[in-house]
Amino acid sequence: MNLLFLGDIVGSHGCEFVSSKLPGIKREYDIDITVVNGENSADGNGITPSSAEFLFKMGADIITTGNHCFRRREIMPLYDECQALLRPANYPEGNVGHGLCIYDMGRVQIAVINLIGTLYLESLDNPFTVIDRLLERIDTPNIFIDFHAEATSEKKTLGHYLTGKVTGVFGTHTHVQTADEIILGKHTAYITDAGMCGAELSVLGVKSEIAIQKQRFHAPVRFSESDAPAFINGVVVSFDEKCGKAYNIKRLLIR
């Protein structure tokens, strides 16, 4: 089987570009399931019911998020209503939503888990202990992780920790695609960061001139999405659904 994972989709510009290219990507790579990180899909940051609906309608099967998952209050009820919309599993108990989705395809089930790192981000529950607890509950061998984290070291460490235990570990959050895609232990597909989908000539999707003003003068600015030509970052993973072993990972960069 083939799974497509797309890095952080940024704003309406990124959403529309992915929507225009996704059918062709699915045909070219014979995609069976599509997972996207949508935590920046709404204009002005975060995710809203309308941006989530757009991602599902364009062809996403599961949406993961990250540190902006609760930025927009209007999305909160949808986390409980929609099993395919995830927030990081290591947020405290009592929050809306869930960090695990078991996607039932009839003959096979695929588990997708959303985690967030704690180095240079909020001090939440330890992602290593959280994933150990979640793995005890999962019956399928086909398990994929979106690890939304700042530190390369934390993402690398989790990848090695989960080698042989899960089918794939994909880093998100930095919006910069890394060139270290690999099959760890002849089992686990890994990349430190899948990248982003949105304006390429930008600063993480934001208009460059605004980001420069912020970094140069450290004064308050209002970020707005760049309308420069977009690109798509992600990975395609081929795996044996009978045993959950990945045997190929291909990095995507589509302009």
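## Strands, a helix and some salt bridges

Leu6 has Val36 as its bridge partner in β3. That pairing is a handy way into this predicted model. From β3 we can move to helix α2, then on to β11, and finish with the salt bridges, of which a search of the whole structure turns up 8.

**Strand β3 and its neighbours**

- Let's start with how β3 sits: 5 of its 5 residues are buried, so the strand is largely enclosed by the rest of the structure.
- Ile33, Val35 and Asn37 point one way from β3, while Thr34 and Val36 point the other way, and all of them are buried.
- Strand β1 (residues 2-6) runs parallel to β3, and 4 bridges join the two.
- β3 also pairs with β4, again in the parallel sense, over 3 bridges.
- Val36 turns up in both pairings: it is the partner of Leu6, and it stands opposite Ile63 in β4.

**Helix α2: one face in, one face out**

- Which residues of helix α2 (residues 49-58) are buried? They are Ser51, Ala52, Leu55 and Met58. Looking down the axis of α2, you would see these buried residues fall within an arc of 135°, so they line one face of the helix.
- Turned away from that buried side is a face carrying the exposed residues Ser50 and Lys57.
- What covers the buried residues of α2? The cover includes β2 (8-9), α1 (11-29), β3 (33-37), β4 (62-64) and α3 (76-81).
- Right after α2 comes Gly59, with a positive phi near 130°.

**Met58 up close**

- Met58 is in helix α2, and it counts as buried because its relative accessibility is 11%, against a cut-off of under 20%.
- Leaving aside residues up to four places away in sequence, Met58 touches Ile9, Cys15, Val18, Ser19 and Leu22.
- Going by C-alpha atoms, Met58 and Gly7 are 15 Å apart in space, with their positions 51 residues apart in sequence.

**Strand β11 and the loop after it**

- β11 (196-199) pairs with β2 in the parallel sense over 2 bridges. In that pairing, Ile9 has Cys197 of β11 as its bridge partner.
- β11 pairs with strand β12 (residues 230-240) too, but here the sense is antiparallel, over 2 bridges. Ala199 has its bridge partner in β12, namely Ala230.
- Where is Val203? Look in the loop between β11 and α6 (208-217).
- Val203 is partly exposed, because its relative accessible area is 37%.
- Together with Val176 and Leu204, Val203 forms a nonpolar patch on the surface; the three have about 240 Å² of accessible area between them.

**Salt bridges worth a look**

- As background, side chains of opposite charge can pair when their charged atoms come close.
- Within α2, the side chains of Lys57 and Glu53 meet in a salt bridge, at 3.0 Å from N to O. Both residues belong to that helix and are 4 residues apart, about one turn.
- Is Lys57 buried or exposed? It counts as exposed, at 68% relative accessibility. Its partner Glu53 is partly exposed, with a relative accessible area of 40%.
- Elsewhere, Arg251 and Glu181 meet through their side chains in a salt bridge of 2.9 Å, N to O. Arg251 lies in strand β13 (residues 245-254) and Glu181 in the loop between β8 (168-172) and β9 (182-184), so this pair ties together parts that are 70 residues apart in sequence.
- Arg251 is partly exposed, its relative accessible area being 30%, and Glu181 is partly exposed as well, at 26%.
- Arg255 forms a salt bridge with Glu200, and their closest N and O atoms are 2.8 Å apart. This pair links distant parts of the chain, 55 residues apart: Arg255 is in the segment after β13, and Glu200 is in the loop between β11 and α6.
- Arg255 counts as exposed, with 62% relative accessibility, whereas Glu200 is partly exposed, with a relative accessible area of 27%.

Conventions:
Residues numbered from 1 in each chain as written. Predicted model: local features only at pLDDT ≥ 70, side-chain atom pairs only at ≥ 80, totals over all residues. Heavy atoms only, no water. Buried < 20%, exposed > 50% of the residue type's maximum accessible area, 1.4 Å probe, protein only. Arc of directions from axis to C-beta. Contact = heavy atoms within 4.5 Å. Patch = residues over 30% accessible without salt bridge, like charges linked within 9 Å, V, L, I, M, F, W, Y side chains within 5 Å. Areas by Shrake-Rupley, 256 points an atom, 1.4 Å probe, with all protein chains shown as cover. Salt bridge = Lys/Arg side-chain N within 4 Å of Asp/Glu carboxyl O. Pairing = 2+ DSSP bridges.
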